[in-house]
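Here is a short tour of a chain for a reader who likes geometry spelled out. Have the viewer open and follow along.

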Amino acid sequence: MDLLYELKPDLNASSTEYQNEKLSRPLSVNGKDFKSIGELKKYLLALDAKCRSVCLMLSGMRCDELDAMDASYSAQTEIVRGQTIYLFKSRQSKITKGSQTKEDTFVTTKNGHNAFKLLHAIHQPYLKALNTDKAKFCSLSRTRYPIEAPKEVWMSSQRRWLNSKAMEIDVTLSSEDMAYINMSNPEQVKFNKGDSFNFTMHQFRRSFAYYVVGFELMAFPQLKQQLSHLSLAMTRHYANNASTFHKLQKEIEVERSRQQSEILARIYKRIANNERIAGGKGKSLMQIAGEGTNYFSIEENKRKMEPEYWRHLIENGNVHLHAIAPGMYCTNSACSMRINIELAECVDCEFDLIDSVLYAEGVRMNAMKNILVLEETGELTTNIMSQLAMKIKSCERIMRDLEYDFEPFTFSDKVQNTLIGTVNL
């Protein structure tokens, strides 16, 4: 047995039998049912490839930098002006808790972070069985006696997955696809409509550079640092022809202003029809319009119900509007509340317009469920209790302002006695 564990032979006959072995009990993951070890392994291989692709797509890092990431320390976050910034740290030469030396830093998104965590959750049991501190990834095809998977091994399997039917993405080039391809490279003759597009992992990096520059999300020096290039010329080469993206960007801006103007016109039509609008600005507009029955008969005020009136103001920068949640809009261009919405601050905010209870009702239902579950399990702390109570009362305030029929939530005596004087229940 010592020799067996040391040599870890790949026994084909037993491996086949092992693959087809029925599971002792039904196993379901993410809504998928698995009857054998082979079925589960096939699913994990696809999930592993998807996670790697998401990490590369949403960071612009190289494959060797992904391969060098440590499961415990590489996915990090920083809070900047109240917003959570998700980071990947790679190439650590010497790493201990609270200390990092040589590294490359890549900004990513929450989805990128979750993909990396899921990637290592898949490999963790294999690494534990391998019993080594050096390996980062294991070969998912060798499960009886796990072995380390160097970069060349998982890159090869990644390429096969990217260009297989298992990816479940239609890679046939359409007219729209060709428009994007010809915009990014006007001289290209390699691709034609109806062809199948073959992915390479490095294309994620080039596409990342092209779009962040095209959308003006980064300047070239920032992109150079993100891609860890030694030369700015290389960065410019990656984002070559991104300036042509301004044409598409202009079309997007036109569409955005059209949608925003229609929202503002819709809100004023609702006010004209004596329908309720919540939010501080919404209530003040209703008060102004309600001062006289002839408010919308005046030509200037009547035009406020027309999208064209608002479109000119938005395009000239005289009016601003951005969505903070479904049916909830802010007119303050300096507002930073675009990721983490705090409804308690939006209820009476002088810049907010709320014309739907959809989001508020969803938040309220979730908060009510959480406060009941945590109270029942004895895990309801004062801090969490206060947050959930504020969410519930803020949502009910919005629903009441919009005259939405609902049954107010009844807080337990424990909650009411704890929060008395801080939250008006």
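In this predicted model, strands β8 and β9 (residues 328–330) run antiparallel and are joined by 3 bridges. Two of the residue pairs are worth picking out in the viewer: A323 has Y329 of β9 as its bridge partner, and A325 is bridged to M328, also in β9. The two strands make a hairpin with 2 residues between them, and G327 in that turn has a positive phi of about 75 degrees.

The hairpin belongs to an open sheet of 3 strands, ordered β8-β9-β10 and paired antiparallel. Its edges are β8 (322–325) and β10 (352–354), each of which pairs on one side only. On average, and with direction ignored, neighbouring strands here are turned by 30 degrees against each other. As background, strands of a sheet pair through backbone hydrogen bonds, in either a parallel or an antiparallel way.

A second hairpin can be found at β1 and β2, again with 2 residues between the strands; N30 in the turn has a positive phi of about 55 degrees. Strand β2 (residues 32–36) runs antiparallel to β1, and 4 bridges join the two. Across the pairing, V29 stands opposite K32 of β2. Is β1 buried or in the open? Of the 8 residues of β1 (residues 22–29), the number buried is 0, so this strand lies largely in the open.

Now for positive phi values away from those turns. Most residues other than glycine have a negative phi, so the two loop residues below deserve a look in the viewer.

| Residue | Phi | Loop | Relative accessibility |
|---|---|---|---|
| N274 | near 60 degrees | between α11 and α12 (280–289) | 69%, exposed |
| E403 | near 55 degrees | between α17 (382–401) and α18 (413–419) | 60%, exposed |

N274 counts as exposed because its relative accessibility of 69% is over the 50% cut-off. E403, at 60%, counts as exposed for that reason too.

Q260 offers a buried case. This residue is found in helix α11 (residues 245–272). Why does Q260 count as buried? Its relative accessibility is 14%, and buried means under 20%. With neighbours within four places in sequence left aside, Q260 is in contact with I314 and L321.

Helix packing comes next. Helix α3 (residues 37–57) packs with helix α5 (residues 110–130) at an angle of about 145 degrees, and their axes are 8 Å apart. The crossing of α3 past α5 is left-handed. On the α3 side, the contact is made by L44, L47, D48, C51, R52, V54 and C55. The α5 side contributes N111, G112, A115, F116, L118, L119, I122, H123 and Y126. By class, the residues of this contact divide into 11 nonpolar, 3 polar and 2 charged.

Finally, some totals for the whole chain. There are 18 helices and 10 strands. Of the 425 residues, 38% count as buried. The chain exposes about 25,400 Å², and carbon and sulfur atoms supply 51% of that area. Among contacts with a separation of 6 or more, 57% are accounted for by residues 24 or more positions apart.

Note on methods:
Residues numbered from 1 in each chain as written. Predicted model: local features only at pLDDT ≥ 70, side-chain atom pairs only at ≥ 80, totals over all residues. Heavy atoms only, no water. Pairing = 2+ DSSP bridges. Axes fitted to C-alpha atoms, helices over the stretch in contact; angles between N-to-C directions. Left-handed = near helix turned anticlockwise from the far one by under 90°. Contact = heavy atoms within 4.5 Å. Nonpolar A, V, L, I, M, F, W, Y, C, P; charged D, E, K, R; others polar. Buried < 20%, exposed > 50% of the residue type's maximum accessible area, 1.4 Å probe, protein only. Areas by Shrake-Rupley, 256 points an atom, 1.4 Å probe, with all protein chains shown as cover.
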